[in-house]
Amino acid sequence: MKILSYILSPIFMFVFFMFLVIFHPIQWISLNLFGHGAHGKVVAVLNFFLVKSLLILGVPVRLINKQKLPEDTTLIFVSNHQSTFDIPPIGWFFRKHYPKFVAKIELGKGIPSVSYNLRHGGAALINRKDAKQALTELGRFSKSINKKKWGAIIFPEGTRSRDGNPKPFSTNGLKMVTKYNPDGYIVPLTINNSWKVFKYGKFPLGLGSPISITTHKPIKIDSLPFDELVKEVETTVKNHII
């Protein structure tokens, strides 16, 4: 299996990177000529192709959603974080909620398509070394998603779990977002197996471990005190990690 991964990994990496390169100018054209609505649709299509490119590695991605998600309100998707490949599936599967990510500021430059979307698509870019900047950016982001009824994607672990074992949740970012969206809902998500793509390290990539994203029951933000809300969300997410 590992020998095969040496053959398939370069093919996957080439295809994945080419999608990022091809969609970068398409994003620019869609945003500058047709506006944010068109740009969002282009990003959704990009995410679709990025998800399907994982099939080169024998890695299908499945959404398990038995919930009816509220509409016409802000949804805060709160998830564990296992790898880079958590992001395109969330962007694709929840595209109707216009998901916007809270990401580290370093991702805002140097990556075709990804950096452009983070800078211009409504994300929050946080400088972890500058608390004032982080709070200001989160405040702006929180008000923006409330006004536009966009979805927000937050990984409270702060960094990827490289072996699938969850890290403790950090509550600062989530507290700011919920403060400005009391009428919205938190939607807990559990991601399984995406860490296995990197089980050998950055190269070669792991093969044949299906990724799943499970949607849990939405929780009204103002239905619980913040500490109880976070505890319930964290427990729900982590109890379903395999």
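**Asking why: helices, strands and a buried threonine**

Q: What covers the buried residues of helix H2?
A: In this predicted model, the cover includes helix H1 (2-34), strand E1 (61-65), helix H3 (87-93) and H4.

Q: Which residues of H2 are the buried ones?
A: Here's the list: His39, Val42, Val43, Ala44, Leu46, Asn47, Leu50, Val51 and Ser53. They get that label because each has under 20% relative accessible area.

Q: What span does H2 reach, and what would you expect?
A: H2 (residues 36-53) has 18 residues. From its first C-alpha to its last it reaches 26 Å, close to the 26 Å expected at 1.5 Å a residue.

Q: Why does the span of helix H7 agree with what you'd expect?
A: Try the same check on H7 (residues 226-239). Its 14 residues should span 20 Å at 1.5 Å a residue, and the end C-alpha atoms are 20 Å apart, so the two values agree.

Q: What makes us say that the buried residues of H7 sit on the same side?
A: First, the residues themselves: Phe226, Leu229, Val230, Val233, Glu234 and Val237 are buried in H7. They cover an arc of only 125 degrees around the axis, so they end up on the same side of H7.

Q: Which exposed residues does the other face of H7 carry, and what do the buried ones pack against?
A: Turned away from the buried side, you'll find the exposed Asp227, Lys231 and Asn239. The buried residues of H7 pack against strand E2 (75-79), helix H6 (172-179), strand E6 (185-192) and strand E8 (219-220).

Q: Why does Thr190 count as buried?
A: Thr190 lies in strand E6. Its relative accessibility is 0%, and the cut-off for buried is under 20%, so Thr190 makes the cut.

Q: What makes the link between the side chains of Thr190 and His216 a polar contact?
A: The distance is 2.7 Å. A polar contact needs a pair of N or O atoms within 3.5 Å, so this pair fits. Leaving out residues up to four places away in sequence, Thr190 also touches others, including Asn80, Thr236, Val237 and His240.

Q: Why do strands E3 and E5 count as paired?
A: Three bridges join E3 (residues 99-104) to E5 (residues 151-154), and at least two are needed, so they pair. The two run parallel, with Pro99 opposite Gly151 in E5.

Q: How many bridges join E3 to E4, and which way does the chain cross between them?
A: Three bridges join E3 to E4 (residues 124-126), again running parallel. The chain goes from E3 through helix H4 (residues 114-120) to E4, and this β-α-β crossover is right-handed.

Conventions: Residues are numbered from 1 along each chain as its sequence is written. This is a predicted model: local features need pLDDT of at least 70, side-chain atom pairs count only at pLDDT 80 or more; totals for chains, interfaces and linings use all residues. Side-chain values use heavy atoms; hydrogens and water are left out. Helices (H or I, at least four residues) and strands (E, at least two) are DSSP runs, numbered from the N terminus. A crossover is right-handed if, with the strands pointing away from the viewer, the path from the first strand over the helix to the second runs clockwise. The expected span of a helix is 1.5 Å times one less than its number of residues. Buried means under 20% relative accessible area, exposed over 50%, partly exposed in between (1.4 Å probe, protein chains only). Contact means heavy atoms within 4.5 Å. The arc is that of the directions from the helix axis to the C-beta atoms. A polar contact is a pair of N or O atoms within 3.5 Å; within protein, one must be able to donate a hydrogen and the other to accept it, and residues adjacent in sequence count only if both atoms are side-chain atoms.
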